[in-house]
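Me: I should like to learn how to read the features of a protein structure. May we work through one together?

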Amino acid sequence: AAPRTVLLTGAAGGIGTLMRALLPRYGYTLRLFDARPVDGEPGAVTADLTDRRALRAAVRGSDAIVHLAGISLEAPFEEILHANIEGTYCLYEAAREAGVRRVVLASSNHAVGFTPVPAPGEPPVPVDTPHRPDTFYGLSKCFGEDLASLYRDRHGIESVCLRIGSCRPEPTSVRMLSTWLSPADCARLLHAALTADGVGHTVAYGSSANTRLWWDLGTARALGYTPLDDSETYAAGLPAEEPADGRSLIGGEFCTPTPPTRR
Ligand code: NAI
Ligand code: 15L
């Protein structure tokens, strides 16, 4: 049966806030979890992912999990280790204990960030391109993808690992003309990942149907995802040049000596 009650971790964050508005339209009842309070949601659980008891209580009775919580930029290794690596492990353990059968995991393009951007005429980057993390952050997403594989093979928990490009209301740089995932397409993609049959361990890129797309959306489309937006409609309003540094690598700024960090 299609999941109805979905636990959304990272509910206070950028994507979590966008998805709290959009996912209920697909018929889901959301449970919310975040280390920070979720604005206007007194019922949300405020706890760290490594708080096993709080996470267990939040997971119990959920039909599926959308796991967005974690550090979303580069940070010292110890912080990434705690939030993204141990945190995602705790999430899968809680899912296993509660008998949850489906997890949709926020991976990132930064799992393959050092992959060169395809030159004009070259094929898009395939989903089975080798991991080339550009940061400890990207490395934690590689870990998440492999953790998902382990829990599928060992415990039968199905996962869709979404290598999200750039999910925000509008593209704000030339790079994002290639990487943008519109909020509406993000909700479509999450819905597809939650409801597709027999996903096993699927890795998919998450972006809109951008004219300048760098990667192959085949596995996302195979889930039943049909993106409807294209960043190209925003192209005219964007500055013509990006900083030259790291421009020809998928991870962009994350591939430079000073990747973006939490402020
Ligand atoms: P965000 O940084 O706005 O939100 C992440 C949320 O996770 C925050 O509300 C934070 O409080 C929570 N969190 C962090 N550590 C936690 C912990 N130890 N326990 C409980 N909660 C914790 O990030 P955003 O942009 O909403 O991204 C969501 C997910 O999608 C992240 O996993 C990010 O890595 C991934 N992603 C996002 C992309 C984007 O374009 N926004 C692109 C690719 C991946
Ligand atoms: C990510 O993984 C980050 O979480 C997000 O903040 C963006 O920087 C995005 O990738 C991107 O590559 O644009």
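The dialogue below takes up the sheet, its strands and the surroundings of the ligands.

Reply: Please bear in mind that this model is predicted.

Me: In what order do the strands of the open sheet stand?

Reply: One reads a sheet from one edge to the other, strand by strand. Here the open sheet has seven strands in the order β3-β2-β1-β4-β5-β6-β9, and their pairing is parallel. The edge positions belong to β3 and β9 (201–206); each has a single partner strand, so one side of each lacks a neighbour in the sheet.

Me: Which strands does β2 pair with, and how many bridges join them?

Reply: Pairing is read from the bridges between strands. Strand β1 (residues 5–9) is joined to β2 by five bridges, and the two run parallel. Within this pair, Leu8 stands opposite Leu32 of β2. Between β1 and β2 the chain passes through helix α1 (residues 14–22), and this β-α-β crossover is right-handed. Strand β3 (residues 45–46) is joined to β2 by two bridges, again in parallel. There, Asp34 has Thr46 in β3 as its bridge partner.

Me: Why is strand β2 largely enclosed?

Reply: One asks how many residues of the strand are buried. Strand β2 covers residues 29–34, and five of its six residues are buried, so the rest of the structure largely encloses it. As a general idea, side chains in a regular strand alternate between the two faces of the sheet.

Me: What joins β6 to β9?

Reply: Strand β6 (residues 158–164) runs parallel to β9, and six bridges join the two. In this pair, Val160 stands opposite Thr202 of β9.

Me: How many residues surround ligand 1, and which are the closest?

Reply: To read a ligand's surroundings, one lists the residues around it and then asks where they come from. Ligand 1 is surrounded by 23 residues, of which the closest are Gly13, Ala35, Ser72, Ala106 and Ile164. Two or more residues of this shell come from each of α1, α3 (77–98), β5 (102–108) and β7 (166–167). The largest share, three residues, is given by α1. By class, the shell around ligand 1 holds eleven nonpolar, nine polar and three charged residues.

Me: Which residues are around ligand 2, and what is their make-up by class?

Reply: The same reading applies. Around ligand 2 are Ser72, Leu73, Ser108, Asn109, His110, Ser166 and Thr179. By class, this shell has six polar residues, one nonpolar residue and no charged residues. Ser72 is named in both places: among the closest residues to ligand 1 and among the residues around ligand 2.

Definitions and conventions
Residues are numbered from 1 along each chain as its sequence is written. Chains are lettered from A and ligands numbered from 1 in the order in which they are written. This is a predicted model: local features need pLDDT of at least 70, side-chain atom pairs count only at pLDDT 80 or more; totals for chains, interfaces and linings use all residues. A residue is near a molecule or strand if its C-beta atom, placed from the backbone, lies within 6 Å of it. Ala, Val, Leu, Ile, Met, Phe, Trp, Tyr, Cys and Pro count as nonpolar, Asp, Glu, Lys and Arg as charged, and the others, Gly among them, as polar. A residue is buried if 20 or more other C-beta atoms lie within 10 Å of its own, exposed if 12 or fewer, and partly exposed in between; C-beta atoms are placed from the backbone. Helices (H or I, at least four residues) and strands (E, at least two) are DSSP runs, numbered from the N terminus. Two strands pair if DSSP finds at least two bridges between them. A crossover is right-handed if, with the strands pointing away from the viewer, the path from the first strand over the helix to the second runs clockwise.
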